Amino acid sequence: MQAPTNFQTQSPGDVIINDFAFSVATANGSGSQTSNNVLVQTLFNMGIPVNGKNLFPSNIKGLPTWYTIRASKDGYTARRATTEIVVAYNSATVVEDVHDLPSGGVCIIRDDIQRMAPQRDDIVTYVVPIKDLMNQADVPSAFSKRVENMTYVGAVAQLFDIPLDMIYTSLLKNFNGKAKPAEMNFAVIQLAYDYFKENVEKVDPYRFEKMNGTAGKILITGNEAGALGAIFGGVQVVSWYPITPSTSLVDGIITYKHLRNDKETGQSTVAVIQAEDELAAAGMIIGAGFAGARSMTATSGPGISLMAEFAGLAHYAEIPCVFWDITRMGPSTGMPTRTSQGDILFTYYLGHGDSHQFCLMPGSPEEAFEFGWRAFDLAEQLQAPIFVLSDLDLGMNNWMAEPFTYPDEPVKRGKVLNAEQLQQFIGEHGSWGRYLDVDGDGVGYRTIPGTDHPMAAYFARGTGHDEYAVYSERSDTWLKNMARLKHKHYHTGRQMLPQPIIDYDESKSIGIITFGTNEPAIVEARDLLAAQGIETNYLRVRSLPLAESVLEFIKAHDRVYVIENNFDGQLHQIMKVEFAEQIANTKSLSLGDGLPMAARWIIDSILEYEG
């Protein structure tokens, strides 16, 4: 855990309600995820805006893991760089966990590791007699270790005023309504709660109180939202090879695919195939896309690199399909369970030669849902692979979200000709060619295998081909084809893809550009910068290629900061390529440390230049 940098100041006697953060330090595999989920769900049910972010190790059971929970009465949901409270339950990290607490912080520590902690007079320490509590608990020995983390749930509930009945409701939800495991866990919570109530004097200033900050909202992960979006969008074929952090997206599709069962037969309309590797997974969805099915895969950096050759084939053969890249920290295996936005450049140009891919960049569960279904429409309208660039933070952590909007617009299949339409096309144009651009938008008309017309069949070629899908190595034919693809990319696609979200006031001279999950941190940073007299405008990119409004936004400001969660400032590099010398007033601010973006770093970085 990094050193604290933004601990809020308070005066003696102040009570701090619903505006603090705490971290839970445990050993990986100790069952703490249930305890943490119950706390987050309960705070959400109390109406308190909250987020929970899991910082877990990638390799083996037993290594340190942290879970950070932030409550914000003002509705801020970004990760806090500093937590005022730590639940120190891991002997391997107790020294740094206690050391990192700011002065005035609170440590809740198990008694069997208390002696290992640094002695500090400037923090409040509460000790959990974990062995005594577990000896009192009526828990089978096989479950004892799994439920002992519930002792800190009881301690937190009593110290910071979380109603026990609401804790129990969250437990029931976590166990899908099964009373037996919920009651076993709740018994431990109750023991710890009663111990603290009877034996411990509260001397810290932190409290939770019910409020009305989550009414009408839901708690959901981005991967679950994306899975629902794909189901809503009519996905028919899913092929993937498991890899963190994308696996739960396909798990979500498996969970919800019954929603698309055929009404008459009850049979599933969604085929989910675990391939032998990522290369095979990509090949399967391209084949399914060629056959007219709505197909997708989900992977992460190492997987997307294996899919590069097939991605180039889908691009050049112009086959609709959808790739989700839930980005994690690279290069190589890097830190595979830490978040990152470091696959932008690689994915945007995925494929050898002059490949350019269409990318969608969701910044919230709502957009993960929307892009989940919209990606299929765009793939068929543009006859191209669509890449959805999410990340581990959005994909695997719980986020507050508005209920999803189910649009009533019809499914868009793009330029697909049935036999009758094909005959009409030939009558109007004299012939039909798969890559014939009669509309000037770079997109040809396609048929689907099985179309009952003698002219319907064609070869989908990754090799050189002319407008009629006939093999060709003629230079003039090649150049004409590439020019059409580029026109489709930079003109048709640029206008069709989701446009940026812009907050603009012409009186402000400083702009901020970002994408994806940095938004909550930037929302908070802009408010705090404004409080210091630095007003900013804001643009969030939602797709590649970059919209023309991005350049207009840049030109409208004296200075523009491009903020992203990777090491090299990859979005800024794409801006340099697409807008060349027109962006001299931009400054790249990129941080690739494996953690979700925090407002404090943005503020400090901008103040360094603005003074």
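**Exercise 1. State what share of the chain is buried.**

Solution. Buried residues make up 56% of the 611 residues. Buried means under 20% relative accessible area, with a 1.4 Å probe and protein chains only. This is a predicted model: local features need pLDDT of at least 70, side-chain atom pairs count only at pLDDT 80 or more, and totals for chains, interfaces and linings use all residues. Residues are numbered from 1 along each chain as its sequence is written, and side-chain values use heavy atoms, with hydrogens and water left out.

**Exercise 2. Decide how compact the chain is.**

Solution. Start with the elements: the chain has 21 helices and 23 strands. These are DSSP runs (helices H or I, at least four residues; strands E, at least two), numbered from the N terminus. Next, take the radius of gyration over C-alpha atoms; the globule rule is 2.2 Å times the number of residues to the power 0.38. The chain's radius of gyration is 27 Å, close to the 25 Å that the rule gives for 611 residues, so the chain is as compact as a globular protein of that length. Last, the box: along the principal axes, the C-alpha atoms fill roughly 90 × 60 × 40 Å.

**Exercise 3. Find which contacts lie 24 or more positions apart.**

Solution. Contact means heavy atoms within 4.5 Å. Take the contacts with a separation of 6 or more. Residues 24 or more positions apart account for 76% of them.

**Exercise 4. Give the exposed area of the chain.**

Solution. The chain exposes about 25000 Å². The method is Shrake-Rupley with a 1.4 Å probe; for residues, only the protein chains shown count as cover. Carbon and sulfur atoms supply 51% of the area.

Note on methods
Buried means under 20% relative accessible area, exposed over 50%, partly exposed in between (1.4 Å probe, protein chains only).
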